[in-house]
Amino acid sequence: MTNQTSRARQAGSSAQMLRSRFLRIGTLAAAFSLFALYLAWHAAYDEPLVRQEDESPIAQARADDAAQGAQAVPLAAGAASSDLVKRGEYLARAGDCMACHTVDKSRPFAGGVPINTPFGTIYTPNLTPDPDTGIGQWSDADFQRAMHEGIGRGGERLYPAFPYAEYTRVTSTDVQAIRAYLNTLTPIHYTPPRNEMNFPFNQRWLMVFWNLFNFTEGRFVPDPKQRPEWNRGAYLVEGLAHCEECHTPRNILQGLKTTDRFSGATQAGWHAFNITPDRNSGVGNWSDDELMRYLSTGVAPGRANAAGPMGEVVADSTQYLTPEDLRSIVVYLRSVAPVIGGETHPRDQWGKPASDVTAWRGTAMTGVNGAQLFVANCASCHTWSGQGVGASAPGAYPSLIHNTTVGASDASNLAMVILHGVQRTTQQADVLMPAFAGELSDDQVAAITNYVTRQFGNPQATVSVEQVAKLRAQQQ
Ligand code: HEC
Ligand code: HEC
Ligand code: HEC
């Protein structure tokens, strides 16, 4: 038996194993769902929708925090109201409310951002104080219930595309500071489009199931054995900053897979990398300063650049965090369990400069040729050798050698960068790589991607024309 046929057999039998595993999981899930349906029915009817603490004042919120021992997290206790608003603005940035609630920069926080889920599209609501279309008529308690329990003003269950599973950990004091800040925004009269959720997911009460398996209501509890810095980092990462929404894979019920935290996940075409301390698959070989620099500027020179959703996280959120908070985040990330992927090298340790350009310069090329397309479209900025221009200066055209997107074991992010470009505005630099979706066809994008990974990155990472077509269709 040749190696190939044995490999094919193995693949065949593992596909069978997978199928039978799925069948088993399927049966289990069906039984589970019936049980959950039964529980949900009861939960829906037994749960009072309007509760007493709905009317509780902010003072009560503070008392709750004190009772929960949240004082280990620095609080703005007794802060004057302008301080409260400033603190709220800082926290709203840490929570990146902007990214999901602003579709058009001229209408900040007025909502309308389409969020694609496997079950349909949700449009984010208007968070400005407009009384008719925003949250102007919400009480502070309504707001707190939304953030802590994922329940809307009318008692309806909110979809977990709103990261309340993380925001539930945020202290009541911090939630009220965010509310105080939102109250100071210019009211904008704007009604976002209606959700387009498929049946049965348009039934909000079904979120009872999701909550049953994936949601634990409750504030962050500091670990007394850990340093305050670690606790602050855990509070931010597991709470407001909701890093896990993108970086932790999901289980079959679309909840976060708690056994593989921070090990990487794909959403809307982008792979949010493994950021556990594993040296090959994660960010174990980055220094603390490199991680902090990446979060505050979007660049760790010689390793990584933040594009796509991470570019937005940096631009709208992490660039505004204080050095103390960034350091806390890094301290905490260093402490999570390393998750080993299949990688043999770190993502940022692949590739060598191209040296063959003279060999084929002037020779007539036929068909779609990745190297030639690279020289025509990319070399003006990244140079034909792939080494880039400007080294580590802010706004440099980065080297494609030793770059995590080019060295990743999955070439999707690279194809996404080519299709959609890079736009990231920070206090440090205004970064722009043009999008090529309009100029290059799917086979051209695939050819450039495969040339770039072969020459400058991980040669095992390839992309097919069909995959590029799918990635192109992802909304940006
Ligand atoms: C990852 C995207 C995302 C982020 C980040 C996000 N939200 Fe939302 N938010 C949503 C979505 C989606 C909904 C609508 C859920 C629904 O319709 O069930 C929502 C709903 C809400 C609601 C309920 C409003 C209503 O009219 O029902 C409030 C309040 C809210 N968000 C506040 C915030 C605050 C404050 C922040 C920042 C700390 C924030 N959100 C960050 C996606 C997000
Ligand atoms: C909206 C989704 C999203 C959120 C939220 C998010 N990330 Fe990311 N992250 C990504 C994506 C996608 C990438 C890959 C970016 C690229 O290829 O340029 C990434 C890349 C990274 C990297 C670089 C890894 C590498 O090898 O290049 C680090 C470090 C990181 N994220 C840390 C964080 C931290 C810390 C948080 C929370 C404060 C966070 N991320 C929140 C989507 C997200
Ligand atoms: C006009 C200049 C320009 C051109 C042309 C250009 N790029 Fe870029 N490229 C940039 C800039 C600017 C960045 C982002 C730098 C940063 O993040 O600070 C970038 C970033 C990248 C990254 C890193 C993305 C990440 O997430 O780490 C890759 C990979 C890349 N470009 C590949 C290409 C390829 C392939 C082409 C040709 C199809 C191309 N670039 C064409 C300017 C350019």
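A residue counts as exposed when its relative accessible area is over 50%, as buried when it is under 20%, and as partly exposed in between. The structure shown here is a predicted model, and these three words will serve to describe several of its residues.

Lys225 is a first case. Its relative accessibility is 76%, so it counts as exposed. The side chain of Lys225 meets that of Asp223 in a salt bridge, with 4.0 Å from N to O. Asp223 has a relative accessibility of 23% and therefore counts as partly exposed.

Side chains of opposite charge can pair when their charged atoms come close. The structure holds 19 salt bridges. Another one of them joins Arg261 to Glu238, with the closest N and O atoms 3.4 Å apart. Where do Arg261 and Glu238 lie? Arg261 is in the loop between helix 10 and strand 4, whereas Glu238 is in helix 9, which covers residues 228-240. The two are 23 residues apart in sequence, so their salt bridge ties together separate parts of the chain. Arg261 is partly exposed, at 28% relative accessibility, while Glu238 is buried, with a relative accessible area of 14%. The pair also belongs to a network: salt bridges with shared partners join Glu238, Glu244 and Arg261.

A further salt bridge is formed by the side chains of Asp142 and Arg153, at 3.2 Å from N to O. This pair, too, links distant parts of the chain, eleven residues apart. Asp142 is in helix 5 (residues 140-149), and Arg153 is in the loop between helix 5 and helix 6 (164-167). Asp142 is buried, because its relative accessible area is 11%. Arg153, with 40%, is partly exposed.

The next stop is a metal site. Which residues coordinate the iron atom of ligand 2? They are His247, through its NE2 atom, and Met310, through its SD atom, at 2.0 to 2.3 Å. His247 belongs to helix 10 and Met310 to helix 12 (residues 308-316), so far along the chain that 63 residues separate them. Six donor atoms surround this iron atom, and the angles they subtend run from 87 to 179°, which makes the arrangement octahedral. His247 is buried, with a relative accessible area of 10%.

After helix 10 (244-247) comes the loop that leads to strand 4 (265-267), and Ile252 has its place in this loop. Is Ile252 buried or exposed? Its relative accessible area is 61%, so Ile252 is exposed. Together with Leu212, Phe213 and Leu253, Ile252 makes a nonpolar surface patch of about 350 Å².

The last part of the tour is a sheet. Strands of a sheet pair through backbone hydrogen bonds, either parallel or antiparallel. Here three strands form an open sheet in the order 1-2-3, with antiparallel pairing. Strand 1 (114-117) and strand 3 (196-197) stand at the edges. Each of these two has a single partner strand, so one side of each is left without a neighbour in the sheet. Strand 1 is joined to strand 2 (residues 120-123) by four bridges, and the two run antiparallel. Within this pairing, Ile115 stands opposite Ile122, which is in strand 2.

Note on methods: Residues numbered from 1 in each chain as written. Chains lettered and ligands numbered in written order. Predicted model: local features only at pLDDT ≥ 70, side-chain atom pairs only at ≥ 80, totals over all residues. Heavy atoms only, no water. Patch = residues over 30% accessible without salt bridge, like charges linked within 9 Å, V, L, I, M, F, W, Y side chains within 5 Å. Areas by Shrake-Rupley, 256 points an atom, 1.4 Å probe, with all protein chains shown as cover. Buried < 20%, exposed > 50% of the residue type's maximum accessible area, 1.4 Å probe, protein only. Donors = N, O, S within 2.8 Å, 3.2 Å for Na, K, Ca; no water. Tetrahedral: all angles 85-135°; square planar, octahedral: opposite > 155°, others 65-115°. Pairing = 2+ DSSP bridges.
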